[in-house]
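Thanks for asking me to look this over. Here are my notes, in the order I would walk through them with you at the bench.

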Amino acid sequence: MRRPAPPPKPATAPAPKPAAAGPALQIPLAKITGEVFDSVAVAPLANATVQFVRADNPQNVRSIRTDSVGQFFLDSMRVGSYLVGIIHEQVDRLGLENRIVQVNIAGSGDVSLSLGLPSAASLLKAKCAAAGEGNDRGAFMGMVRTARGTPLEGNARVRVQYLETVIGPSGMSRRFPSRFADAQPTGAFVLCGVPPEASVTTRAYAGPDSSGVVELVVPRNGLLVRDLIIASPQRVAVAPTSAAERPRTLLKGTSRVRGVVRDSVGKPLVGARVSVPGTGAEGVSTGGGAFSFDALPGGSWMVEARAVGFEPRRVAVDFIENAEAVAEINLAGLAPRMDTVKVTADRWSREMAAFEERKKMGGGYFIDDQQLERRNALFAADILRGTPGVTIQPGASAGRDRVTMRGNAGAGTCIPAVFVNGMNTPIPDGVIENVVSTNDIRAVEVYSRTGSTPPEFMSRNGCGSIVIWTGQRRRPNDR
């Protein structure tokens, strides 16, 4: 039997040939090589974040970080219009966080881009023109920050003092006025009208936090830029070890500092005396000129080094809580002194001679530089704490304590007359910290009774007088 024949296969159409491929779509791309320069510091801006945002698509963002010499590189950048911003702490302290530059990338290939922060002259004009300050004046600006890295507690304020020479009807005199700048909620502050190349002392405070007294120099370009760190130190009372010694208060915290003391050619100095004025911390540099302190209060403070045959020097150091700061102090040798030149009298020696004469005569309460060194007071009011006839009333924040006396009529308290270097300096609120820095005080005279007050220090306010002399203190071994 034959098998049936298989059914015929259905006919199929031939497969279509693939269409010829057209040319690929080419997207123009560019390679950007750039740099960021800080015109205020006159140096490259390292570790800054540069952001490119497409003007037509804000969701399209590219970021790059500058290297140690302020340079950056971006490849495969599409052509178009971009908004470029810089993120860096220097940008924040200069108040330039909203500064945006528009950059148009017109074609592919290599593109060179230079970005920079405004010059000191431009910033002074922008920041201080509204204050009416001329181009011959400068400004101090920066950020107030906490040593804890937390937001500020309360409104921050910065106090600045510097020497002014005033020519009046009675001749030329010196004064140390206090000026204040209120910081923004972010901590940024600007104080216009500071003289270029002036030496200033400053302190910042907000709520219970404050910094130490920091000594800075305004650059020649007139723009001083520096942050101030604040914290709440822990006060530790130290009992006197002898009858002649007064009780002391040390300021403690969780900060540390290590460093080295060298001479002007870089040679380590062993045996240099190192201290943190205002905190009570002091010691001696050891092998290799090294020194270290722990349990220091947070904030911006000065670290001072002294050595025989060298000029003393202080440097500003920021102490962060639970962290270690590093400081390097270079001391310059003392200039040779000519024995043939003898200074027999000057204004300073006359003032101190008169101070010693009044001290011998009595009638008041006297504090000389040796006593000031032993007291190691952080604030001016602390110098007068415990002085007969003087009452210290706590202020709203550190360094704001009020100094009062009993009125001559015997009822209530009053604000004493304050004389700074012989000049009557009105202090309506009784906060001496507003007119003179603690570290600048060399001697103090207190007259709580009108009958014992020298004629040159009398006033008609019905209260006593406090006389403050400023200048470099002598250490015990300087006498």
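1. One term first: a residue is called buried here if its relative accessible area is under 20%, and exposed if that value is over 50%. With that in hand, look at strand E26, where Gly299, Trp301, Val303 and Ala305 point one way and Ser300, Met302, Glu304 and Arg306 the other, and all are buried. That makes 8 of the 8 residues of E26 (residues 299-306), so the strand is largely enclosed by the rest of the structure. In a regular strand, side chains alternate between the two faces of the sheet.

2. Please keep in mind that this is a predicted model. The average pLDDT of the protein is 84, and 85% of the residues score at least 70. Among the elements, strand E19 (residues 228-230) has the highest mean pLDDT, 97, and strand E12 (residues 171-175) the lowest, 68. I would read residues 337-345 with that in view: the pLDDT there is below 50, and the stretch has 0 contacts in the model beyond near neighbours in sequence.

3. Which strands pair with E26? Strand E23 (residues 273-276) does so in the antiparallel sense over 3 bridges, with Arg306 of E26 as the bridge partner of Arg273. Strand E27 (residues 313-319) is also antiparallel to E26, over 7 bridges, and here Gly299 has Phe319 as its bridge partner. The hairpin of E26 and E27 has 6 residues between the strands, and Gly309 in this hairpin takes a positive phi near 90°.

4. Now to the largest nonpolar core, which has 30 residues; Ile32, Phe52, Phe72, Ile86, Leu115 and Leu223 touch the most other members. Several elements supply at least two residues each, among them strand E1 (29-38), strand E5 (71-78), strand E8 (109-117) and helix H2 (120-128). The largest share, 4 residues, comes from H2. Phe72 is a good place to zoom in: beyond its neighbours within four places in sequence, its contacts include Ile32, Val36, Val50, Phe52, Leu113 and Leu115. As background, nonpolar side chains tend to be buried together in soluble globular proteins.

5. Helix H2 deserves its own view. Its residues Ala120, Leu123, Leu124 and Cys128 are buried. They cover an arc of only 100° around the axis, which puts them on the same side of H2. What do the buried residues of H2 pack against? Their partners are E9, strand E14 (188-194) and strand E18 (223-225). The face turned away from the buried side carries the exposed residues Ala121, Lys125 and Ala126.

6. Is Asp368 buried or exposed? This residue is found in the loop between strand E29 (365-367) and helix H4 (369-375), and it is buried, because its relative accessible area is 10%, below the 20% cut-off. Not counting residues up to four places away in sequence, Asp368 touches Phe355, Lys359 and Arg442. Its side chain makes a polar contact with the side chain of Lys359 at 3.2 Å.

7. Last, a small sheet: 3 strands form an open, antiparallel sheet in the order E30-E31-E32. The edge strands, E30 (390-393) and E32 (413-414), each pair on one side only. Strand E31 (residues 402-406) pairs with E32 over 2 bridges, and Met405 stands opposite Cys414 in E32.

Methods. Residues numbered from 1 in each chain as written. Predicted model: local features only at pLDDT ≥ 70, side-chain atom pairs only at ≥ 80, totals over all residues. Heavy atoms only, no water. Pairing = 2+ DSSP bridges. Core = buried A, V, L, I, M, F, W, Y, C linked by side-chain atoms within 4.5 Å. Buried < 20%, exposed > 50% of the residue type's maximum accessible area, 1.4 Å probe, protein only. Contact = heavy atoms within 4.5 Å. Polar contact = N/O pair within 3.5 Å; in protein donor to acceptor, adjacent residues only side chain to side chain. Arc of directions from axis to C-beta. pLDDT = per-residue confidence, 0-100.
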